[in-house]
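Work through the exercises below with the structure open. Try each task before reading its solution.

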Amino acid sequence: MENKWQYPHRRWNPLRQAWVLVSPHRTQRPWQGEVAQTAIPSAVTYDPQCYLCPGNTRAGGAVNPSYETVFSFVNDYAALLPELPAASEAPASPLLVAEAVRGLCKVLCFHPDHSLTLARMTQSEIRTVVDAWTHEFQELSALDWIEYVQIFENRGAMMGASNPHPHGQIWSTGFVPDEPAAETVAQRAHLDSTGHCLLCDYLAAEQSSAERIIFENEHFAAVVPWWATWPYEVLLLSRRHAGSLPEFSSAERDSFANALNRLTTRFDNLFHTSFPYTMGFHQSPTDGKPHEEWHFHAHFYPPLLRSATVRKFMVGFEMLGMPQRDITPEAAANRLRDSSELHFWPRT
Ligand SMILES: [Zn+2]
Ligand SMILES: [Zn+2]
Ligand SMILES: [Zn+2]
C-alpha cells in the first residue's frame, strides 16, 4: 500500500482548508532502520538550577511548593496579560490595523521528577495531568472574557523548549486564535452542508482504510493524517463526538492518558531519542456560543525526519509556496506502527 502514492501529488487538508505537496519519489531509497545517534535523556531527577523543580525559586522571585504530582502557576514572563491595555492613537492608514488583546499564560508542571517525559510517565501519572488540564480548562473557560484555551507542550531543545522539566503551557485568550478559528469555519461548513461532523466522518474514513491508523484504544485513535505536513505528524482523535476535555468521562480520560503514553513512547523508540515535538489540543472555543461542530483532537508536530539529529525544515518553497513532504503519510504510519510501546529507556 506504500507504493500507491509514489508520484508527486497534492493532498487536501479539510480541517485547515489548504493543500500539502507530497513528493515521495525523492525518498525511494529503502528505509535503513538505522539510528544515526542515540540521545539518552538526562537522568537528573532534581536540578537545583531548574525553575520548575519543586522547592526552587523562580526568576521572578516566587518559590515553587514542594509539589508531589502536578503544579500550575501564571507565567512569570507571560506573552499576554489579563489587563486590557489602554488603546493608543489610531494609525493614520486603514492598512495599519492593531487591536489591544488580553490573555492569561499559565505553566503546568506534569511531574516533580525533572528527568521524566510523558513517554516515561505511567498511565496513572498522565491521568493526573489530564485531570489538571481538564480543571484548568474549566476554570479558565468560566472567565467571561476568555474565548479560547490553548493547551500545548513544546518538547525538546530542537523545538525551542528552554527547560527539559516535564511541563506544558496553557495560553487563554480574549479572542479565538487563527488555527482554531480556521478549523471552526471548516467544521461548521461541513456540518451545515452534510449534517455530519467533519472529524467523525474523517475518522470513519481512516478506520475503513486502516492505512494511516497507528493504534486505537477504546476511546481514542492515533492517525498520521492524510494531509500530514511534518514527517511524523499525528492527529489523536476522540472516537466519540465531544468538543472539549470536560465532556469526557473518567474512562475516556484514562484512555486519553493511555493514548498519550503509547504515542509518545512510539515516538521515542523511533529514533531512540527523547522525541521533540510541539503538541496541543484543539477544543471548542469558550466564547459562549454553541459549538456542536467541534470535535476534540490533539495535534503532534514533531520535526525529526530520519534520525535523532536530522530534522525537516519548513523553508524555501514551503515558506513561499506551500508545505511539502517526502515520505508519504502511509509510510510514516507504518514506521510508527512498527515502533515498540516498550520504552527503550525504562524507569527503574
Ligand atoms: Zn526541573
Ligand atoms: Zn465528531
Ligand atoms: Zn486542530
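**Exercise 1.** Identify the donors of the zinc ion (ligand 1) and state their geometry.

*Solution.* The model is predicted. Start with the donor atoms: Cys-50 (SG), Cys-53 (SG), His-114 (ND1) and His-165 (ND1) coordinate the zinc ion (ligand 1) at 2.0 to 2.3 Å. Next, take the angles. The four donors subtend 105 to 116°. Tetrahedral requires all angles between 85 and 135 degrees. The arrangement is therefore tetrahedral.

**Exercise 2.** Place the donors of the zinc ion (ligand 1) along the chain. Are Cys-53 and His-114 buried or exposed?

*Solution.* Read off the spacing: C-x2-C-x60-H-x50-H. Now locate one pair. Cys-53 sits in the loop between β2 (18–22) and β3 (71–74). His-114 sits in the loop between β4 (103–109) and α1 (123–141). They are 61 residues apart, so the pair links distant parts of the chain. Both Cys-53 and His-114 are buried.

**Exercise 3.** Repeat the analysis for the zinc ion (ligand 2).

*Solution.* The donors are Cys-197 (SG), Cys-200 (SG), His-241 (ND1) and His-295 (ND1), at 2.0 to 2.3 Å. Their angles run from 103 to 116°, which makes the site tetrahedral. The spacing is C-x2-C-x40-H-x53-H. Cys-197 lies in the loop between α2 (178–194) and α3 (198–209). His-295 lies in the loop between β10 (277–282) and β11 (297–301). The pair therefore ties together parts 98 residues apart in sequence.

**Exercise 4.** Classify Cys-197 and His-295 by burial.

*Solution.* The cut-off for buried is under 20% relative accessible area. Cys-197 has 9% relative accessibility, so Cys-197 is buried. His-295 has 0%, so His-295 is buried too.

Terms used. Residues are numbered from 1 along each chain as its sequence is written. Chains are lettered from A and ligands numbered from 1 in the order in which they are written. This is a predicted model: local features need pLDDT of at least 70, side-chain atom pairs count only at pLDDT 80 or more; totals for chains, interfaces and linings use all residues. Side-chain values use heavy atoms; hydrogens and water are left out. Donors are N, O and S atoms within 2.8 Å of the metal (3.2 Å for Na, K and Ca); water is not among the atoms, so sites may look incomplete. Four donors count as tetrahedral if all angles lie between 85 and 135 degrees; four count as square planar and six as octahedral if opposite donors are over 155 degrees apart and all others between 65 and 115; anything else is irregular. Helices (H or I, at least four residues) and strands (E, at least two) are DSSP runs, numbered from the N terminus. Buried means under 20% relative accessible area, exposed over 50%, partly exposed in between (1.4 Å probe, protein chains only).
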